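Colleague: I'd like to learn how to read a model like this one. Could you walk me through it, feature by feature?

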Amino acid sequence: MKHRCHCSPYPWFLCCLYVVTSLSHHSNNPYVNAVNTISYLIMERQVMPHHRIEFIYRLSKQGRQFYSLVNLLHRRAEEVIHERRLALEGSEVAPHQAKYRDFLDILLTTKDENGVALTDKEIRDEVDTFMFEGHDTTGHGINWSLYCLGKHPDIQQRCREEIDALLGDTTRDLTWADMEKLEYTQMCIREAMRMYPPVPIVGRTLLEDTDFDGMVVPAGTCAVNKTLVLRVYDPFFSTGHSYSSIAAWCFHPSSCTCADGVPAHATVSDITR
């Protein structure tokens, strides 16, 4: 398309997005290299049964490298948190009074109903997620969105017409206000993410015994949620939709009208840009 989009994503996302973008521009950056190596080591561990035993893995060459790199990532996240905390302390405007609060502002100032703030580790875990996955999900979303649009020229043309109708003959960049008007284009991106989710598998450790349809799974078990399957499996996905489980595997942009979560919004924004 002839127009460029250069709008800002969600203000609270800017801080970590800036760090991720800055790091991604330097292929020799230790953080970027650590992310790539850790991704490889995680996949390698899956096909080596004896490495699934934690104490054996920690003694192995791969395990020592993995945990050394994890510590590097944690240190970088802690630096980002420390720098932001100092900036907040030196600011003349209270965080809750600022016009825009970025991602770290919210994490550093949020308290629950009992007035308890997030611990440093909880904040670091959230920062790790955004810094580690911030570039990955956008790249994945762009690839599959272009793939789906390439497979459906008629839908691709409709997206082009929507953007051309919005911008006309101007050469200005798209703004955040424009983004909200590109409803069909964003629906196409969300639909591509439904069919090919940036994170197809999510693992979580159960904190308590959990009943799954009559079967009790004990606390401490690693539960895997296959989002790739759940998003196209008829009993779950087709609720409120008229098409069958077979059609759920098809590209239906008009079906994706529901609101997405925070990471999804940020990713859709980046992809559209």
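**Reading the model**

Modeller: Let's start with burial: of the 273 residues in the protein, 36% are buried. Buried means under 20% relative accessible area, exposed means over 50%, and partly exposed is in between (1.4 Å probe, protein chains only). Before going on, note that this is a predicted model, where local features need pLDDT of at least 70, side-chain atom pairs count only at pLDDT 80 or more, and totals for chains, interfaces and linings use all residues. Residues are numbered from 1 along each chain as its sequence is written, and side-chain values use heavy atoms, with hydrogens and water left out.

Colleague: What does the pLDDT average in the protein, and where is confidence lowest?

Modeller: pLDDT is the predictor's confidence in each residue, from 0 to 100. Here the average is 76, and 71% of the residues score at least 70. Confidence is lowest in helix α1 (residues 14-24), with a mean of 45, and highest in helix α3 (residues 54-59), with 94. Residues 1-22 stay under 50, and the model has 63 contacts for them beyond four places in sequence. Residues 238-246 are also below 50, with eleven contacts beyond near neighbours in sequence. A contact means heavy atoms within 4.5 Å. Where pLDDT is low, the predicted coordinates should not be read in detail.

Colleague: How many helices and strands does the protein have?

Modeller: Helices (H or I, at least four residues) and strands (E, at least two) are DSSP runs, numbered from the N terminus. The protein has twelve helices and four strands. Of the contacts between residues at least 6 apart in sequence, 62% join residues at least 24 apart.

Colleague: How do I check a helix, say α9, against its expected span?

Modeller: The expected span is 1.5 Å times one less than the number of residues. Helix α9 (residues 183-195) has 13 residues and should span 18 Å; its end C-alpha atoms are 19 Å apart, which agrees.

Colleague: And is α9 enclosed by the rest of the structure, or what else does its burial say?

Modeller: Twelve of its 13 residues are buried, so α9 is largely enclosed by the rest of the structure. Among them are Y184, C188 and E191. E191 has 0% relative accessibility, so it counts as buried. The side chains of E191 and R194 make a polar contact of 2.7 Å; that term means a pair of N or O atoms within 3.5 Å, where within protein one must be able to donate a hydrogen and the other to accept it, and residues adjacent in sequence count only if both atoms are side-chain atoms.

Colleague: How many salt bridges does the structure hold?

Modeller: A salt bridge is a side-chain nitrogen of Lys or Arg within 4 Å of a carboxyl oxygen of Asp or Glu. The structure holds ten. R58 pairs with E54 at 3.0 Å, N to O. These two are four residues apart in helix α3, so about one helical turn separates them. R45, E54 and R58 are linked in a network of salt bridges.

Colleague: Which residue forms a salt bridge with R76, and which with D178?

Modeller: R76 forms one with E79, the closest N and O atoms being 3.1 Å apart. They sit three residues apart in helix α4 (residues 61-89), again separated by about one helical turn. D178 forms one with R172, with the closest N and O atoms 2.6 Å apart. D178 is buried at 4% relative accessible area, whereas R172 is partly exposed at 36%.
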